[in-house]
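Work through the following exercises with the sequence and the coordinates at hand, trying each task before reading its solution.

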Amino acid sequence: MALPGTFGHHLSMRIVVLSDIHANLTALDAVLADAGAVDRVWQLGDIVGYGPEPDAVVERLREVGAIGVRGNHDAAACGGSEIDWFNPEARRAMEWTRRAISPETVEWLSSLPSRTVAGACDLVHGSYRDPLWEYVTSKAVALANLDVLADGTRIGLHGHTHMPIAFVEDAAGLATIRGRAGASLELEGRRALVNPGSVGQPRDGDPTSSYLIWEPEADRVTWHRVAYDVAGVQRQMRDAGLPTALAARLSVGL
Ligand code: ZN
């Protein structure tokens, strides 16, 4: 019996995957509006740090029922010694964040695991060898991490580098795919590490927010970009006394 197309449509899930929001509520709201109706919200850490609205970002993630992991900035915000590894500007912003956030935000951030499995995906901030700190920036590092994905998973969703990119198995070994706006990657059962890029502080030379849509039934990821009010966020950062260089970099996405 043929099912109506609309019924079939409702059976395939659309999951929005967010990373490195960095207390940028304006960017997060632009992304959620752009993503439209989704079945799940997953996030890959660095929810806070750098940006002006840490409490409001956590509140929004709780409202939409986001699941996910903590990043090095989240751990530092909760009082962790991770702050000792920050550069001077990141450290100043983290000291501001620690003063600004509520006990409820600290409690929620503290409750996040450093790694979690959801379906075929293994979610982490940095890497599977080093959840908070390792940057996956080369095929060699990607390959080593693919080999330590959790049992039963084959897709590693991770952030930390703020770069939309994927490392996917192919005939030659591992291919590097740039996550350009609107680009889809058909996984076809292959293993891959996939980075959605950053919502709140892009670093690939494009100042618009980057995010990913994961469709498990189609086995497809698609990167998206959306503009947000950068100048408004820069004003908030200036008013809060956050480092001016951190505000300036949002204009250029570097
Ligand atoms: Zn980050």
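**Exercise 1.** In this predicted model, determine in what order six strands form the open sheet that contains strand 4 and strand 8, and which strands stand at its edges.

*Solution.* Begin with the order, which reads 4-5-6-10-7-8 in an open sheet of mixed pairing. Strand 4 (115-118) and strand 8 (173-178) each have a single partner strand, so one side of each lacks a neighbour in the sheet and these two stand at the edges. From one strand to the next, the twist averages 20°.

**Exercise 2.** Describe how strand 7 is joined to strand 8, and state which strands helix 7 touches where it packs on this sheet.

*Solution.* Strand 7 (residues 164-170) and strand 8 run antiparallel and are joined by six bridges; D170, for instance, has G173 in strand 8 as its bridge partner. Next, turn to helix 7 (residues 139-146), which packs on the sheet and touches strand 7, strand 8 and strand 10 (192-196). The direction of helix 7 makes about 115° with that of strand 8.

**Exercise 3.** Carry out the corresponding analysis for the open sheet that contains strand 1 and strand 11, and locate the helix that lies across strand 1, strand 11 and strand 12.

*Solution.* Six strands again form an open sheet with mixed pairing, here in the order 3-2-1-11-12-9. The edges are strand 3 (67-68) and strand 9 (184-186), because each has a single partner strand and is therefore left without a neighbour on one side. Within the sheet, strand 1 (residues 15-18) pairs with strand 11 (residues 209-215) in the antiparallel sense over three bridges, and V17 stands opposite L212 in strand 11. The helix in question is helix 2, which lies across strand 1, strand 11 and strand 12 (220-226) and runs at about 35° to strand 11.

**Exercise 4.** Characterise the packing of helix 2 with helix 3 by angle, axis distance and contacting residues.

*Solution.* The axes of helix 2 (residues 25-35) and helix 3 (residues 54-63) are 9 Å apart and form an angle of about 25°. Since angles under 35 degrees count as roughly parallel, helix 2 is roughly parallel to helix 3. At the contact, L25, L28, D29 and L32 of helix 2 meet A56, V57, R60 and L61 of helix 3. Sorted by class, this contact of helix 2 with helix 3 comprises six nonpolar and two charged residues, with no polar ones.

**Exercise 5.** For D20 and D219, find where each lies, whether it is buried or exposed, and what the sign of its phi is.

*Solution.* D20, in the loop between strand 1 and helix 2, has a positive phi near 50° although it is not glycine. Its relative accessible area is 0%, so D20 is buried. D219, in the loop between strand 11 and strand 12, likewise has a positive phi, near 55°. With a relative accessible area of 10%, D219 is also buried.

**Exercise 6.** Which residues of helix 8 are buried, and against which helices do they pack?

*Solution.* In helix 8 (residues 230-240), the buried residues are V230, G232, V233, Q234 and M237. These buried residues pack against helix 2 and helix 9 (244-252). Following helix 8 comes G241, with a positive phi near 80°.

**Exercise 7.** Decide over which residues pLDDT stays under 50.

*Solution.* The protein chain averages a pLDDT of 95, and 96% of the residues score at least 70. Over residues 1-8, however, pLDDT stays under 50, and the model has zero contacts for them beyond four places in sequence. Where pLDDT is low, predicted coordinates should not be read in detail.

Definitions and conventions:
Residues are numbered from 1 along each chain as its sequence is written. This is a predicted model: local features need pLDDT of at least 70, side-chain atom pairs count only at pLDDT 80 or more; totals for chains, interfaces and linings use all residues. Side-chain values use heavy atoms; hydrogens and water are left out. Axes are lines fitted to C-alpha atoms, for helices over the stretch in contact, and angles run from 0 to 180 degrees between N-to-C directions. Helices (H or I, at least four residues) and strands (E, at least two) are DSSP runs, numbered from the N terminus. Angles under 35 degrees count as roughly parallel, over 145 as roughly antiparallel, 65 to 115 as roughly perpendicular and the rest as oblique. Contact means heavy atoms within 4.5 Å. Ala, Val, Leu, Ile, Met, Phe, Trp, Tyr, Cys and Pro count as nonpolar, Asp, Glu, Lys and Arg as charged, and the others, Gly among them, as polar. Two strands pair if DSSP finds at least two bridges between them. pLDDT is the predictor's confidence in each residue, from 0 to 100. Buried means under 20% relative accessible area, exposed over 50%, partly exposed in between (1.4 Å probe, protein chains only).
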